Amino acid sequence: MNTFTGPFRLMMKEMSRTFYINVVITFVLFVFFNLLGFIDAESASFIFFGPLYIVFLLYPFINFKGYNYILSLGGTRNQFVLAIYLSAFIFSVISVTLLNLFYYLSTNIISSGSRSVNFFHLADLVNSSNWLIYLWVDFSWIIFLFSLGMIAKTIWFNYGTLFSLAAATLLLIICVPIIVFGNISWLIEVIFMHHLQFVNILFGLSIVFLLSSYLLMFHAPLEKGDRLIIKQKRLKTA
């Protein structure tokens with residue numbers, strides 16, 4: 001496997017299984033909520049983007065097994081990371097297209113004669129009718145969730161469970177007092193009153209997380225948690 005085609009096809013195949021399942025779930029929710037809206041005379045608002053959002057957060061954990069497959073067939077770490085990134089990008093574009101197609105059908109066609117059903121879109125917080133904003137908000141959230149799962153998985157894979165749990169606990173200890181005792185009204189205001197700016201910040205964080213994950217995987221160990229062990233052996237040898 002000395003070309004990029006092999007790793008890319010492998011990651012596309014691994015991701016497609018979970019992706020198609022979540023597309024079916026999203027479509028079923030779309031149909032069910034529309035039927036429910038017609039049956040119930042009262043106005044109701046639904047959310048159906050959850051399955052496709054969550055799957056991108058879980059993708060790095062579900063499909064990381066492709067790392068060992070690619071390396072065992074002669075591929076490189078660089079090929080693995082680029083393959084999973086490109087596959088995630090392709091499926092994210094498809095997801096954004098499907099979500100906004102469902103949203104358009106419900107808002108402009110199905111509900112044209114009745115306002116009993118309404119689908120909430122995160123771009124509604126932006127208060128803009130520009131369809132590009134809707135695409136960008138979905139895309140940014142999906143990429144952020146994927147990058148968040150990727151950085152968590154790469155840290156766990158490189159440094160092991162104990163180190164990852166210790167880092168997560170330390171982060172939790174820092175965040176809880178800030179949330180409980182600090183003034184986070186500015187954050188709530190940014191999220192709900194300036195959602196487009198908030199989404200842009202999330203996209204910036206996504207780039208940082210993806211670059212950090214790439215650097216971690218560039219010299220990643222063959223097995224989970226071996227990075228610290230390898231460093232300790234090098235120190236002893238030195």
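Which side chains meet in a salt bridge? In this predicted model, the side chains of E14 and K65 do so, with a distance of 3.7 Å from N to O. In general terms, side chains of opposite charge can pair when their charged atoms come close. The count of salt bridges comes to one. The pair links distant parts of the chain, since E14 belongs to helix α1 and K65 to the loop between α2 (50-63) and α3 (66-72), with their positions 51 residues apart. The two partners were also examined for their exposure to the surroundings. E14 has a relative accessibility of 8% and therefore counts as buried, the limit for that class being under 20%. K65, in contrast, has a relative accessible area of 43% and is thus partly exposed.

The overall architecture may be considered next. The protein contains eight helices and two strands. Along the sequence, these elements follow the pattern α-β-α-α-α-β-α-α-α-α. Of the 238 residues in the protein, 39% are buried. The accessible surface amounts to about 13500 Å², and carbon and sulfur atoms account for 73% of that area. Contacts across the sequence were analysed as well. Among contacts with a separation of 6 or more, 84% are made by residues 24 or more positions apart.

The interior is described through its nonpolar residues. The largest nonpolar core comprises 52 residues, and those with the most contacts inside it are Y53, Y67, F80, I84, W141, F146 and M217. At least two residues of this core are supplied by each of α1, α2, α3, α4 (77-110), α5 and α7. Helix α5 provides the largest share, namely twelve residues. One member of the core, I84, illustrates how such residues meet others in the chain. When neighbours within four places in sequence are left aside, I84 is in contact with M11, M15, F146 and M150. Of these partners, F146 is itself listed among the core residues with the most contacts.

Aromatic side chains form a further set of interactions. A pair of aromatic rings is described by the distance of the centres and the angle of the planes. The structure holds 26 aromatic pairs. One of them joins W141 and F198, with 6.1 Å from centre to centre and 50 degrees between the planes, a tilted arrangement. This pair also links distant parts of the chain: W141 lies in helix α5 (residues 131-181) and F198 in helix α7 (residues 195-218), 57 residues apart. Both W141 and F198 are buried. A second pair is formed by Y214 and F218, whose ring centres are 5.9 Å apart; the planes stand at 50 degrees, so this pair is tilted. Y214 and F218 both lie in helix α7, and their separation of four residues corresponds to about one turn of the helix. Y214 is partly exposed because its relative accessibility is 24%, which falls between the limits of 20% and 50%. F218 is likewise partly exposed, at a relative accessible area of 40%. In addition, F27, F30, F48 and F102 form one aromatic cluster.

A serine in helix α5 was also examined. S140 is found in that helix, and its relative accessible area of 1% places S140 in the buried class. Leaving aside neighbours within four places in sequence, S140 is in contact with V199, F203 and S206. For one of these partners, F203, the C-alpha atom is separated from that of S140 by 5.4 Å, although the two residues are 63 residues apart along the chain.

Nonpolar side chains are also present at the surface. V24, F27, V28, V31, L35 and I39 make a nonpolar surface patch of about 570 Å². One member, V31, lies in helix α1 (residues 5-39). V31 has a relative accessible area of 34% and is therefore partly exposed. Another member of the patch, F27, also takes part in the aromatic cluster with F30, F48 and F102.

Definitions and conventions
Residues are numbered from 1 along each chain as its sequence is written. This is a predicted model: local features need pLDDT of at least 70, side-chain atom pairs count only at pLDDT 80 or more; totals for chains, interfaces and linings use all residues. Side-chain values use heavy atoms; hydrogens and water are left out. Rings of Phe, Tyr and Trp (its six-membered ring) pair if their centres lie within 6.5 Å; planes under 30 degrees apart count as stacked, over 60 as edge-to-face and the rest as tilted. Buried means under 20% relative accessible area, exposed over 50%, partly exposed in between (1.4 Å probe, protein chains only). Contact means heavy atoms within 4.5 Å. Patches are made of residues with over 30% relative accessible area and no salt bridge: like charges are joined within 9 Å, nonpolar side chains (Val, Leu, Ile, Met, Phe, Trp, Tyr) within 5 Å. Accessible areas come from the Shrake-Rupley method with a 1.4 Å probe; for residues, only the protein chains shown count as cover. A salt bridge is a side-chain nitrogen of Lys or Arg within 4 Å of a carboxyl oxygen of Asp or Glu. A nonpolar core is a set of buried Ala, Val, Leu, Ile, Met, Phe, Trp, Tyr and Cys residues joined through side-chain atoms within 4.5 Å.
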